[in-house]
Amino acid sequence: MMNITRKKIFIVCDSSRSLLDFRGKLIEKMQQHNQVYVFTPKIEQESVRSKLKELNVITYESNLDGSNVSIISDLRFIFSLYKLIRQIKPDIFFPYTFKPVIYGSFLAKICKVKLIAPMLTGLGYNFTDNSSGNKLIVKITRLLLKLSLKPNPRLNIIFQNKDDSQRLIDLKILNKKHQVYVVNGSGVDLSHYHYSKPSTSPITFLMVSRLINAKGIKEYYDAAKLVKQRFPQAVFKLIGPYDPNIDAIAPELYQKIASGDTIQYIGQVDDVRPDIERSSVMVHPSYYGEGVPRCVLEGMAIGRAVITCDSVGCRETINNDPKQANGFLIPVKDAGALANKMEYFINNSDDIIAFGNKGHEFAKTKFDVNIVNAQLFKIMHLQA
């Protein structure tokens, strides 16, 4: 039997929900021959806590708020993270999402961690040309990222789509000296999300997203209103939490959605599978900032046609081969175009099943979590 050296892997994130939802299979695979440590914001779900315990993952909790700017909170996080890196002495440091990547990569270099593998799961609005955010925060965020990702032979940077890595090259945050890798999103566990034939009576559109502007919530609501006028029997559902993010949707729009007259608002759920199975088409009109939208991959795995935007990350989910079409790309911020494609599926319900089948095949060949995890193991120099 091959002699495998156990390594200490330290994972840092900004959301405890994402640990198992997005990285569960990866953590399981890592833990087989290594010791995994995680530093996560407070774990609210008992199921997450018990699963990590069952896997013998050593867990530390932080008070990090990944969505909002708080200098005192961030300084506390930085200090705690520095102490933990010194204490654990990891062989591999794997932070993902913004604050863990920025602060963690910088600290891991100071602490001389052997391999630092930050993963940027989407760049967000601070990296768009027409960012509506606070100009000072945009400048500071970009500068901090540039400093933390300064070229280093121990640094392997991971992206979930090519557009994000190119964007950082254009902004001169990355250059030819950097070691950059691109994987196909977070992947989707096809043993967990099983294919089921979509129901087309009634035709049900489903969007799964936090209630923030960048995800295209307003466009979904406006398009649903337009389609309802012509096809009152069509059903529109929305799953996701109202997020106290700086990009949160306006309270007026939230009230309209919550009233239930146009969209059935379900709120946050722990398991999206039953709702995807009851849906016909997945809708995700996000503008920017995605790695590769996980909710769309889940829909594809279950065999649902997709309508999404021709935007960073989202465009990866639609097969370029017209013969293998699994859905439609629409322009960003265009409720009319979204309504048009929804009406297409209402008028061509057979395509809901055909597109869904092709999406399921596309998920199997490109986005299977086992394929993505094998890529990540290579990048982190881990033995499978």
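How far apart are the mean positions of the positive and negative charges of the protein? In this predicted model, the mean positions of the 51 positive and 36 negative charges are 9 Å apart.

**Figure 1. Overall fold of the predicted model.** The protein contains 13 helices and 14 strands. Its radius of gyration is 21 Å, close to the 21 Å that the globule rule gives for 384 residues, so the protein is as compact as a globular protein of that length. Along the principal axes, the C-alpha trace spans about 60 × 55 × 40 Å. Of the 384 residues, 54% count as buried. Among contacts with a separation of 6 or more, 73% are made by residues 24 or more positions apart. The accessible surface amounts to about 17400 Å², and carbon and sulfur atoms contribute 52% of that surface.

**Figure 2. The open parallel sheet E6-E7-E8.** Three strands make up this sheet, in the order E6-E7-E8, with parallel pairing. Strand E6 (119-120) and strand E8 (179-182) occupy the edges; each has a single partner strand, so one side of each is left without a neighbour in the sheet. Two bridges in the parallel sense pair E6 with strand E7 (residues 156-159). At one of the paired positions, Met119 has Ile158 of E7 as its bridge partner.

**Figure 3. Asn152 in the loop that precedes strand E7.** Asn152 belongs to the loop between helix H5 (135-148) and E7. Is Asn152 buried or exposed? With a relative accessible area of 17%, Asn152 is buried, because the cut-off for a buried residue is under 20%. When residues up to four places away in sequence are not counted, Asn152 touches Lys109 and Gln179.

**Figure 4. Strand E10 and its parallel partner E9.** Strand E10 (residues 235-239) is mostly covered, with five of its five residues buried. In a regular strand, side chains alternate between the two faces of the sheet. Both faces of E10 are covered: Val235, Lys237 and Ile239 are buried on one side, and Phe236 and Leu238 are buried on the other. Strand E9 (residues 204-208) runs parallel to E10, and five bridges join the two strands. Within this pairing, Leu238 of E10 is the bridge partner of Met207.

**Figure 5. The cis peptide bond at Pro202.** Most peptide bonds are trans. The bond that joins Ser201 and Pro202 is cis, with omega at about -5 degrees. Pro202 is located in the loop between E8 and E9.

**Figure 6. Positive phi angles at Lys89 and Lys333.** Most residues other than glycine have a negative phi. Lys89 is not a glycine, although its phi is positive, at about 55 degrees. This residue, Lys89, is placed in the loop between helix H3 (71-88) and strand E4 (92-95). Its relative accessible area of 59% makes Lys89 exposed, because the cut-off for that class is over 50%. Lys333, likewise a residue other than glycine, has a positive phi near 55 degrees. The loop that holds Lys333 lies between strand E14 (327-330) and helix H11 (335-347).

**Figure 7. The covered helix H10.** How many of the nine residues of helix H10 (residues 294-302) are buried? The helix is mostly covered, and nine of its nine residues are buried. These buried residues are Arg294, Cys295, Val296, Leu297, Glu298, Gly299, Met300, Ala301 and Ile302. The elements that cover the buried residues of H10 include helix H1 (16-33), E9, helix H9 (273-277), strand E12 (281-284), strand E13 (305-309) and helix H12 (349-367). Gly303 follows H10 and has a positive phi, near 95 degrees.

**Figure 8. The surroundings of Ile27 in helix H1.** Ile27 lies in helix H1, one of the elements that cover the buried residues of H10. At 0% relative accessibility, Ile27 counts as buried. Which residues are in contact with Ile27, leaving aside its neighbours within four places in sequence? They are Ile11, Leu19, Val36, Leu55 and Val57. Ile27 and Leu55 are 28 residues apart along the chain, and their C-alpha atoms are separated by 8.5 Å.

Definitions and conventions. Residues numbered from 1 in each chain as written. Predicted model: local features only at pLDDT ≥ 70, side-chain atom pairs only at ≥ 80, totals over all residues. Heavy atoms only, no water. Helix = DSSP H or I, 4+ residues; strand = E, 2+ residues; numbered from the N terminus. Rg over C-alpha atoms; globule rule 2.2 N^0.38 Å. Buried < 20%, exposed > 50% of the residue type's maximum accessible area, 1.4 Å probe, protein only. Contact = heavy atoms within 4.5 Å. Areas by Shrake-Rupley, 256 points an atom, 1.4 Å probe, with all protein chains shown as cover. Lys, Arg positive; Asp, Glu negative; His and termini not counted. Charge placed at Lys NZ, Arg CZ, Asp CG, Glu CD. Pairing = 2+ DSSP bridges.
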